[in-house]
Amino acid sequence: MAKLQGSGKAVVIGAGIAGLLAARVLSDFYKEVVIVERDTLPAEPVNRVGVPQSYHPHRVLPRGDMILGRYFPGYIADMLEMGADPSDEESVILANRYGSFPIQPPKNTASSSRPLLEWVIRQRVQRVANIHFLCNTEVTGLITTDNGDTVTGIYTKERNEQKTEGSVTADMVVDTAGRSSKTANWLEALGYQIPEPEVLKVSLGYSTRYYKIPESLHKEWRSILSDADPDNGICSSYLFRIENNIAGSLLFSAGDEPYPPTDSEAHQEGLRHLAAAGVADITSRLEPIQAPRGYRVKESVRHHFERMDNWPAGLLVVGDAFCSFDPIYGQGMTVAAIEAETIGKCLEEQRSNPQPQFERRVLERMQRAVEPAWWLSSISDLRWKGVEHSGTDTLKGVAFVHKYIDLYTKKATKLAVENNFSMYGAMFMMNSLVLPPREFFNAKVLAVLLNDDGSDEELKLRAELGESDPQKFQARIDELIPSFEGAYDLLNLAAVTNAGGGFGS
């Protein structure tokens with residue numbers, strides 16, 4: 001059972017965004033929190049070795065922004081002071097195979113690099129009196145009781161010439177080590193049987209290049225988000241601005257498609273073949289800082305630790321160590337924030353009404369919380385030829401959702417071009433993990449979609465639906481779409497809207 005504040009001590013493995021958030025949440029319940037990090041943390045916002053994906057663009061979705069704002073009030077202002085770009089002072093062009101249109105990003109947000117966001121949050125965490133950092137230290141294993149049913153700390157090794165081994169005792173260990181997490185291996189070595197995870201064999205690839213924005217382009221700058229067209233092998237692309245007048249261009253593909261090129265000329269040529277026109281023309285007017293850099297991920301993994309017959313007390317797993325996502329959808333940091341928030345809520349309940357198997361219950365609730373993000377990103381990735389889902393679980397509604405979103409996107413784009421963003425705004429809020437999928441996939445919306453003059457998209461959706469009686473549409477959708485029960489229990493939709501989660505012209 002989790003020991004709470006008083007004599008309690010918690011250890012967090014990893015000082016990324018997930019680890020910083022987890023530590024901040026735990027600091028309200030434990031007398032001392034120690035963050036153990038492999039890297040020597042930089043004194044300024046720069047990329048670090050332990051976060052290989054930090055070079056590439058990152059986003060905090062509106063729901064994640066709400067959580068970050070609650071634990072780190074005013075963090076957006078800190079980022080703006082460091083040169084981050086105020087998102088609501090520029091428009092963004094969205095483009096897909098049906099058309100393109102400008103949108104205004106949510107208010108009170110900022111565009112920045114991952115290193116700047118992490119640095120700002122870390123500065124806040126370092127000011128919390130009961131949180132301490134143990135850097136340049138690798139975690140090599142878990143300390144447990146003799147029978148192995150309780151984790152009581154971690155074994156460590158310094159990352160220097162001496163490689164001094166040591167240990168840190170704790171009442172709670174939280175692994176936020178990301179895709180490099182070794183928790184599953186450690187538990188297997190202790191005799192635990194790990195359930196088969198869900199695996200999305202995605203073979204995704206990024207190519208990102210950064211530029212300086214010349215003075216002549218400052219006033220006319222617009223970011224451009226270009227959707228992929230997997231059926232025709234067309235990459236996703238994002239032309240974006242971070243801090244201090246630096247812009248980036250990104251190419252993304254997955255599955256059987258070749259990885260986006262990291263050769264400068266090939267990268268520039270790739271920007272010419274997008275749903276959005278003009279990206280290559282804009283980048284040709286920018287000042288390259290360096291050659292493009294790639295990032296490759298073979299698979300995304302969703303662990304199901306909550307299904308274990310026994311789970312050791314004193315251990316939790318958060319972030320990519322628990323469930324990793326395709327980064328292109330920007331869900332990773334927001335999901336980590338939701339998981340940290342879930343831990344905080346569970347600790348509050350445990351403090352007022354202690355119950356056994358605390359950690360198991362936390363894992364179950366986090367699993368429900370991550371399901372919409374996993375489902376949405378997996379279904380999107382499965383559009384690419386060669387992407388495969390495996391595991392004991394089956395992804396529900398894949399073909400139906402593909403056809404549904406195709407027709408929805410067509411209609412939403414037509415309206416947005418006419419300056420009506422109601423449909424696109426709803427899709428944005430669902431993908432931002434604010435609007436539950438059941439508010440998007442339902443009989444009322446379906447009836448609107450199926451009034452498309454017998455278009456090819458309409459006929460394909462009707463065939464996949466397999467039901468012609470409108471009175472039975474909702475029952476059929478309920479068969480096809482997961483319920484996502486409990487996934488939005490902690491969400492205050494009004495607070496999200498007030499915090500700037502809106503979407504408009």
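What order do the strands of the open three-strand sheet take, and is the pairing parallel or antiparallel? That is where I'd start with this one; keep in mind throughout that it is a predicted model.

1. The three-strand sheet. The order is β8-β9-β10, and the pairing is antiparallel. β8 (137-144) and β10 (165-169) are the edge strands, each with pairing on one side only. Going from one strand to the next, the twist averages 30 degrees. If you want to check the register, look at β9 (residues 151-158) against β10: five bridges join these antiparallel strands. Y155, for instance, has S167 in β10 as its bridge partner.

2. The five-strand sheet. This is another open sheet, ordered β7-β2-β1-β11-β18, and here the pairing is parallel. At the edges sit β7 (131-134) and β18 (315-317), each of which pairs on one side only. The average twist from one strand to the next is 20 degrees. Strand β11 (residues 172-175) pairs with β18 in the parallel sense through three bridges, and within that pairing V174 has L316 of β18 as its bridge partner. Helix α9 (residues 358-381) packs on this sheet and touches both β11 and β18, with its direction at about 10 degrees to that of β18.

3. F133, on an edge strand. F133 lies in strand β7. Buried or partly exposed? F133 comes out as partly exposed, because its relative accessible area is 23% and the buried class stops under 20%. Setting aside neighbours within four places in sequence, F133 contacts A15, L20, I35, L41, R122, V125 and Q126. For a sense of distance, take D227, which is 94 residues from F133 along the chain: their C-alpha atoms are 40 Å apart.

4. Helix α1. One of those F133 contacts, L20, belongs to the buried set in α1. How many of the residues in α1 (residues 17-26) are buried? The count is 10 of 10, so by the under-20% cut-off the helix is mostly covered. The buried residues include I17, L21 and V25, along with R24.

5. The β4-β5 hairpin. Strand β4 (residues 92-96) and strand β5 (residues 99-103) pair in the antiparallel sense over five bridges. The hairpin that joins β4 to β5 does it through two residues. Across the pair, L94 stands opposite F101 in β5.

6. The nonpolar cores. The largest has 140 residues, and Y404 and F441 have the most contacts inside it. α9 contributes the largest share of this core, 11 residues. Which residues does Y404 touch, leaving out those up to four places away in sequence? They are F440, F441, N442, V445, L446, L449 and L461. A separate core of 18 residues lies apart from the big one, with A95, A247, L251 and A276 among its members.

7. Helix α10 and K411. Helix α10 (residues 398-417) has 20 residues and spans 28 Å from its first C-alpha to its last, close to the 28 Å expected at 1.5 Å a residue. After the helix comes N419, which has a positive phi near 75 degrees. K411 lies in α10, and this lysine counts as buried because its relative accessibility is 17%, against a cut-off of under 20%. Not counting neighbours within four places in sequence, K411 is in contact with M423, V448, L449, N451 and D452. L449 turns up again here, having been on the Y404 list too.

8. Cysteines. How many disulfides are there? The count comes to zero, with a pair required to have its sulfur atoms within 2.5 Å. C323 is in no disulfide: its nearest cysteine sulfur belongs to C346 and is 17 Å away. If you're thinking about accessibility, C323 counts as buried because its relative accessibility is 1%, whereas C135 counts as partly exposed because its value is 28%.

Key:
Residues are numbered from 1 along each chain as its sequence is written. This is a predicted model: local features need pLDDT of at least 70, side-chain atom pairs count only at pLDDT 80 or more; totals for chains, interfaces and linings use all residues. Side-chain values use heavy atoms; hydrogens and water are left out. Helices (H or I, at least four residues) and strands (E, at least two) are DSSP runs, numbered from the N terminus. The expected span of a helix is 1.5 Å times one less than its number of residues. Two strands pair if DSSP finds at least two bridges between them. Axes are lines fitted to C-alpha atoms, for helices over the stretch in contact, and angles run from 0 to 180 degrees between N-to-C directions. Contact means heavy atoms within 4.5 Å. Buried means under 20% relative accessible area, exposed over 50%, partly exposed in between (1.4 Å probe, protein chains only). A nonpolar core is a set of buried Ala, Val, Leu, Ile, Met, Phe, Trp, Tyr and Cys residues joined through side-chain atoms within 4.5 Å.
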